[in-house]
Amino acid sequence: MEARVLDEDGETHLLHVRCKNCANAMLALVLVTKAGVSSVGLVTDLSYEDVVQFRSSAKVSVDDVLSIHGILEQGKLEKIIGN
């Protein structure tokens, strides 16, 4: 098992955890307080490097979503991606 810290903010830690045997991974948000430790995990196929890259990229706006919806609705996706 390999765990790498992505971010820390006070008592909150965001970790990328990967199994060395099967290569499955998860993102874990861990909160450490005097009362104890709690966590929430999300299974992912993202590598540590992928998560770092996506964290620093621009956020998806409502306009972005509406634009893609329009493209899909008009059946123009194939023309855009070149298929």
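In this predicted model, five side chains, those of Ile68, Leu72, Leu77, Ile80 and Ile81, come together as a nonpolar patch on the surface, and their accessible area together is about 470 Å². Two helices, α2 (62–73) and α3 (77–81), are the elements that give two or more residues to this patch. Helix α3 supplies the largest share, three residues, while Leu72 is a member of the patch that lies in helix α2.

From this nonpolar surface the reader can turn to the charged side chains. Side chains of opposite charge can pair when their charged atoms come close. A salt bridge is counted here when a side-chain nitrogen of Lys or Arg lies within 4 Å of a carboxyl oxygen of Asp or Glu, and by this rule the count comes to three.

One of these salt bridges pairs Glu2 with Arg18, whose closest N and O atoms are 3.4 Å apart. The pair links distant parts of the chain, since Glu2 belongs to strand β1 (residues 2–9) and Arg18 to strand β2 (residues 12–18), with the two positions 16 residues apart in numbering. Glu2 counts as partly exposed because its relative accessibility is 26%, and Arg18, with a relative accessible area of 27%, is therefore partly exposed as well; the class applies to values that are neither under 20%, which would be buried, nor over 50%, which would be exposed.

Strand β1 also takes part in a salt bridge with helix α1 (residues 48–56), through Arg4 in the strand and Glu49 in the helix, which are 45 residues apart and so link distant parts of the chain. The closest N and O atoms of Glu49 and Arg4 are 3.5 Å apart. Arg4 has a relative accessibility of 32%, so this residue counts as partly exposed.

Asp7 and Arg55 form a further salt bridge, in which their side chains meet at 3.0 Å, N to O. Here too distant parts of the chain are linked, with Asp7 in strand β1 and Arg55 in helix α1, 48 residues apart. Asp7 counts as partly exposed because its relative accessibility is 34%, and Arg55, at 45%, is placed in the partly exposed class for the corresponding reason.

Taken together, the pairs can be followed along strand β1, where Glu2 reaches Arg18 in strand β2, Arg4 reaches Glu49 in helix α1, and Asp7 reaches Arg55 in helix α1. The nonpolar patch, by contrast, draws two or more residues from each of helices α2 and α3.

Definitions and conventions. Residues numbered from 1 in each chain as written. Predicted model: local features only at pLDDT ≥ 70, side-chain atom pairs only at ≥ 80, totals over all residues. Heavy atoms only, no water. Patch = residues over 30% accessible without salt bridge, like charges linked within 9 Å, V, L, I, M, F, W, Y side chains within 5 Å. Areas by Shrake-Rupley, 256 points an atom, 1.4 Å probe, with all protein chains shown as cover. Helix = DSSP H or I, 4+ residues; strand = E, 2+ residues; numbered from the N terminus. Buried < 20%, exposed > 50% of the residue type's maximum accessible area, 1.4 Å probe, protein only.
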